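Here is a short set of exercises to work through with a structure open in your viewer. Try each task before you read its solution.

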Amino acid sequence: MNNSDIFVGLDIGTTSIKVIIAEFVKNQLNIIGYGNTGSVGLNRGVIVDIDQVVASIKDAVKQAEQRANIDISDVTVGIPANMLQIEQCRGMIAVSEEDGSAKEITEDDVRKVTQAALVQSLPPERSVIDVVPDEFTVDGFDGIKDPRGMVGVRMEMQGVMYTGPKTILHNTKKCVERAGLTVSDIVVAPIALSQVALNDGEQDFGAIVVDLGGGKTTAAVVHDHKLKYTYLDQEGGDYVTRDISVVLNTSIENAEMLKRNYGYAMSSLASEEESFPVQVVGRQEPEKVTEQYLSEIIEARLRQIFEKLATALEQINAFQLPGGVVLTGGMAALPGIAELAEEIFQVQVRVYIPQEINLRIPSFTQVIGLVEYATKQSEIDLIVKQTLGSAKAKRQNLDNQQKGNSRPEQKPVKKPKKNNHADEPKKNQTSGEENGFGYKFKHMFDNFFD
């Protein structure tokens, strides 16, 4: 944000990078600038070449700045659901005066109880992406959303913690910083997506959001306004394009154009008579291909993707949620996509398309969700996020100090023994946390629809 009314979202996708600049006026979000450029340097949503991604980010930012006629510096960035883990977290602190009497709870107390909730053993390759507070409890009174100003002796916080691979977090931040920007907030992408793709009732009673991206397909289960589960399939729109390219023996560029201009998700909806020319590699004259034949190629891959999603979602009884399935993302623009999904999922399916002027295409849903999410955060949410950022900075400084003090070889006998004993509990705690998380996660869904 450049000021309190301007919000910027950055979506680093496999096939394209999108930037949106929005102005928040009178509780309404107005998009004043956007940028969209092809992605280079990503594979299945993961950054594999920082320099190429930085160049693409700069290009998309420049487009948005020119349309909005302002310069931006801070952005809200989406993090993909790759290897995302969802855990319950809890912290408790004493807030009483020195004599034991009740004390008024302040913002500093909220930070302390958040820090207490963050004291967990994580594997060295994972990092906390976000912490969302569910409720606070003051002296046994639960269901409190904002404890500031209340008086009490003891306070607890219960929330949901999202963790992901450190590599993804580090590379994303690195790219944004090298593009000359500052990361003001990091948001788990499916959470941002649900902000706009689902209405209030669907978020409350439960629904499934499926993001049909170019590099991957992500399903997110939302219930009680919380992200409960994510499933990621490494097949997306790019696989459909490659199938067309291989079967019709045409270039990737031609295949993408054919998919967008003539493709249907269900071949039964396509025409048997309507045909179009296809430039075949190694031949001077183009060949005629019917809409139905092209759509049969598309449908085969989409069926495979949807059937895998159905298997994963059936295991947690997600199709029992009354909100059904909402499709969005680039591939959701294909005619017949909802009909194919309904046939496979056997639940109500709809396609979400943003209604913003010039952005009425499903591929912009996620980046719009990022700015929507940024505007809807409460003061308590922001305090918790600031605490998370401070905790990360402290851990980073501690890690740097430990690296600076480390030695490749140590001759004294006692020091290595001390270090070895110190390392062992961490490994055991990590293993225990993983086992505990697996049990808690499964148990959570056993009672999910009670």
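The exercises below go from the whole chain to a sheet, a cavity, a pocket and a strand pair.

Before you start: this is a predicted model, in which local features need pLDDT of at least 70, side-chain atom pairs count only at pLDDT 80 or more, and totals for chains, interfaces and linings use all residues. Residues are numbered from 1 along each chain as its sequence is written, and side-chain values use heavy atoms, with hydrogens and water left out.

**Exercise 1. Describe the protein chain as a whole.**

Step 1. Count the secondary structure: the chain has 12 helices and 20 strands. Helices (H or I, at least four residues) and strands (E, at least two) are DSSP runs, numbered from the N terminus.

Step 2. Look at burial: 49% of the 450 residues are buried. Buried means under 20% relative accessible area, exposed over 50%, and partly exposed in between (1.4 Å probe, protein chains only).

Step 3. Turn to contacts, meaning heavy atoms within 4.5 Å. Of the contacts with a separation of 6 or more, 69% are between residues 24 or more positions apart.

**Exercise 2. Work out the strand order of the five-stranded open sheet, then find helices that touch it.**

Step 1. The order is β3-β2-β1-β6-β13, with mixed pairing. Two strands pair if DSSP finds at least two bridges between them.

Step 2. At the edges are β3 (28-38) and β13 (182-188), each pairing on one side only. From one strand to the next, the twist averages 25°.

Step 3. Follow β6 (residues 74-79), which is joined to β13 by six bridges in the parallel sense. Here Gly-78 stands opposite Val-187 in β13.

Step 4. Add helix α1 (residues 50-68), which packs on the sheet and touches β1 (6-12), β2 (16-25) and β3, with its direction at about 140° to that of β3. Axes are lines fitted to C-alpha atoms, for helices over the stretch in contact, and angles run from 0 to 180 degrees between N-to-C directions.

Step 5. Helix α10 (residues 365-376) lies across β1, β2, β3, β6 and β13, and runs at about 140° to β1.

**Exercise 3. Find the largest cavity and say which elements line it.**

Step 1. Start with the terms. On a 1 Å grid over the protein atoms alone, a cavity is a set of points where a 1.4 Å probe fits but cannot get out, and a pocket is an open set with protein on both sides within 12 Å along at least five of seven lines; lining residues have an atom within 4 Å of a point. Grid points are joined across faces, edges and corners, and a volume is the space filled by probe spheres set on the points.

Step 2. There are three cavities of 30 Å³ or more, and the largest holds about 80 Å³.

Step 3. Both β5 (46-47) and α3 (166-178) supply at least two lining residues, and α3 gives the most, with four. Gly-78 is among the lining residues, as is Asn-171.

Step 4. Zoom in on Asn-171 in helix α3. Asn-171 is buried, because its relative accessible area is 17%. Beyond its neighbours within four places in sequence, Asn-171 is in contact with Ile-47 and Ile-50.

**Exercise 4. Pair strand β17 with its partner.**

Step 1. In β17 (residues 275-278), Phe-276 and Val-278 point to one face and are buried, while Ser-275 and Pro-277 point to the other and are not.

Step 2. Four bridges join β17 to the antiparallel strand β18 (residues 287-290), where Val-289 stands opposite Phe-276.

**Exercise 5. Locate the second largest pocket.**

Step 1. Its volume is about 880 Å³.

Step 2. Of its 42 lining residues, Thr-15, Gly-213, Gly-214, Gly-330 and Ser-363 lie nearest its centre.
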